[in-house]
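Let's take a walk through this fold together, one piece at a time. Have the sequence and the 3D view open as you read.

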Amino acid sequence: MSHAVPRVEIRAAQQLKSLMRDYFLDLDAAACDADRRVAWCTSVGPCEILVAFGFATYFPENHGALLGAKRLSHQLIPYAVSAGYCAESCSYMNSDIGAALRGVSPLQDAYGIAGPPRPDLLVYSTNQCREVQDWWNFFGRRHDAPVLGICPPTHLGEITPAHVRFVRGELQALIERIEAHFGEKLDRDRLAEVVARSSAASTLWRRVLDTARARPAPISFWDGLIHMAPVILMRGSPAAVAYYETLLAEMQQRVRDRVGAVPHERFRVYWEGMPVWPRLRDLSDKCLELGVAVAASTYCNSWAFEDYSGGDPLEWMARASIAIFINRDEPTKQAFLLEMVRRFDLDGLIFHNARTCPNNTNSRFGMTQRLREDHGLAVLSVDGDLSDQRFFSTAQTMTNLEAFVEQLEVRRRPASSAVSQEVAG
Ligand code: SF4
């Protein structure tokens with residue numbers, strides 16, 4: 001029988017709610033205002049350029065996640081499939097396309113708006129996957145809006161000056177195409193200001209995540225999935241910077257007061273891969289019950305960019321866009337995970353094999369085996385998906401999590417007690 005363990009709510013969540021409301025209402029207003037323009041952007045795309053041009057920026061992946069969290073995806077994906085999209089392609093993309101075809105959006109109930117804002121421009125970066133290009137092209141055709149993008153080199157080990165120069169050139173070409181299309185010059189000083197704010201929010205976000213190095217961890221992966229919204233949706237805005245200052249202060253106070261996201265923290269683990277949006281509550285409740293703090297994750301760290309300390313803002317953007325985890329080669333990813341295990345003093349790792357996102361799944365090419373055998377780490381691999389709940393078995397995963405925690409318990413026990421238990425057993 002499961003015991004309900006009370007959560008300690010994060011106070012900043014109230015501020016986040018009104019920030020999100022303001023953001024979506026402003027987007028809706030921008031789409032209805034003849035003097036304003038809306039640009040759609042990928043979540044780790046070049047949004048600073050769009051903000052500096054004065055576009056209101058919208059991120060369809062967030063809508064895909066919302067559709068998953070509201071457990072609507074599995075009903076909407078078949079509409080995308082009937083429009084020719086494979087059922088096993090990205091479930092963010094398929095549910096977002098399905099939602100548009102059906103005229104459905106969680107934004108209707110949440111904010112009383114019709115749905116995503118109509119785009120004047122769609123901009124992507126394939127630094128995360130090629131799916132975004134096809135996804136954006138669907139909506140570009142639907143709204144008769146231009147689709148522009150950059151295609152950085154992928155699966156990088158070392159990042160060389162040549163890589164950065166190449167991507168910088170792509171960003172420069174993107175700016176020139178936007179200028180030509182809309183007949184407006186980009187204000188380069190404004191771009192530097194936006195990049196500085198973007199970096200400031202990102203740095204504060206990284207510091208928030210780093211507070212989870214404390215025992216008990218004041219914030220978990222499950223909280224991070226909610227509180228990371230501004231660093232994606234409002235990157236480059238003063239509001240995002242102010243929000244993370246508040247959140248960081250609260251987390252630092254929690255560390256001083258020894259308040260944990262999991263009140264009786266027993267084990268600390270890493271979550272590798274995409275979240276399982278339709279089952280977040282089930283998973284976080286189970287972790288709470290088992291005393292497991294998911295203290296670090298690849299996903300929440302994906303928006304923790306390097307600091308910008310002045311200089312060429314395009315160079316910072318180029319470097320940030322290719323340095324992200326998803327864009328790196330297998331040895332670099334594995335080294336990053338090992339470093340995270342060390343920094344956050346973790347007992348093990350959970351890998352999520354997301355059926356429709358091979359791009360952000362890292363359990364497919366022997367990494368879990370290598371971490372177990374070469375590094376002696378406890379690793380659990382769970383099958384599921386980011387949005388399509390048909391690929392996720394809650395019962396099976398809960399059983400696997402319980403077995404994993406038993407394994408962590410055995411590993412922690414001193415060798416002599418393990419032996420005596422074996423003898424007694
Ligand atoms: S990275 Fe994965 S989840 Fe994100 S858009 Fe690409 S395929 Fe979809």
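Are the residues on the two faces of strand 1 (residues 38-41) buried or exposed? Keep in mind as you look that this is a predicted model. On one side of strand 1 sit V38 and W40, on the other A39 and C41, and all of them are buried, leaving both faces of the strand covered.

Now look at what runs alongside. Strand 1 is joined to strand 2 (residues 56-58) by three bridges, and the two run parallel. If you want a landmark for that pairing, take W40 and find its bridge partner in strand 2, which is Y58. Strand 3 (residues 121-125) also runs parallel to strand 1, and three bridges join that pair as well. Here the landmark is C41, whose bridge partner in strand 3 is V123. As for the link between strand 1 and strand 2, follow helix 2 (residues 47-53): together with the two strands, helix 2 makes a β-α-β unit, and a right-handed one.

Next, move along the chain to another sheet. Four strands form this open sheet, with parallel pairing, in the order 6-5-7-8. Strand 6 (292-297) and strand 8 (378-384) are at the edges and have a single partner strand each, so each has one side without a neighbour in the sheet. On average, neighbouring strands here are turned by 30° against each other, if you ignore direction.

Zoom in on one pair from that sheet. Strand 5 (residues 267-272) and strand 6 are paired in the parallel sense, with five bridges between them. One place to check this is V269, whose bridge partner in strand 6 is V294. Then bring in helix 16 (residues 330-343), which lies across strand 5, strand 6 and strand 7 (348-354). Its direction makes an angle of about 160° with strand 5.

Last stop: R319, which you'll find in helix 15 (residues 313-323). Why does R319 count as partly exposed? It's down to the neighbour count: R319 has 18 other C-beta atoms within 10 Å, and a residue needs 20 or more to be called buried, while 12 or fewer would make it exposed. Setting aside neighbours within four places in sequence, R319 is in contact with I159, V164 and E306. For a sense of distance, try S18, which is 301 residues away from R319 along the chain: the C-alpha atoms of the two are separated by 33 Å.

Technical notes. Residues numbered from 1 in each chain as written. Predicted model: local features only at pLDDT ≥ 70, side-chain atom pairs only at ≥ 80, totals over all residues. Pairing = 2+ DSSP bridges. Right-handed = clockwise from strand over helix to strand, strands pointing away. Contact = placed C-beta atoms within 7 Å. Axes fitted to C-alpha atoms, helices over the stretch in contact; angles between N-to-C directions.
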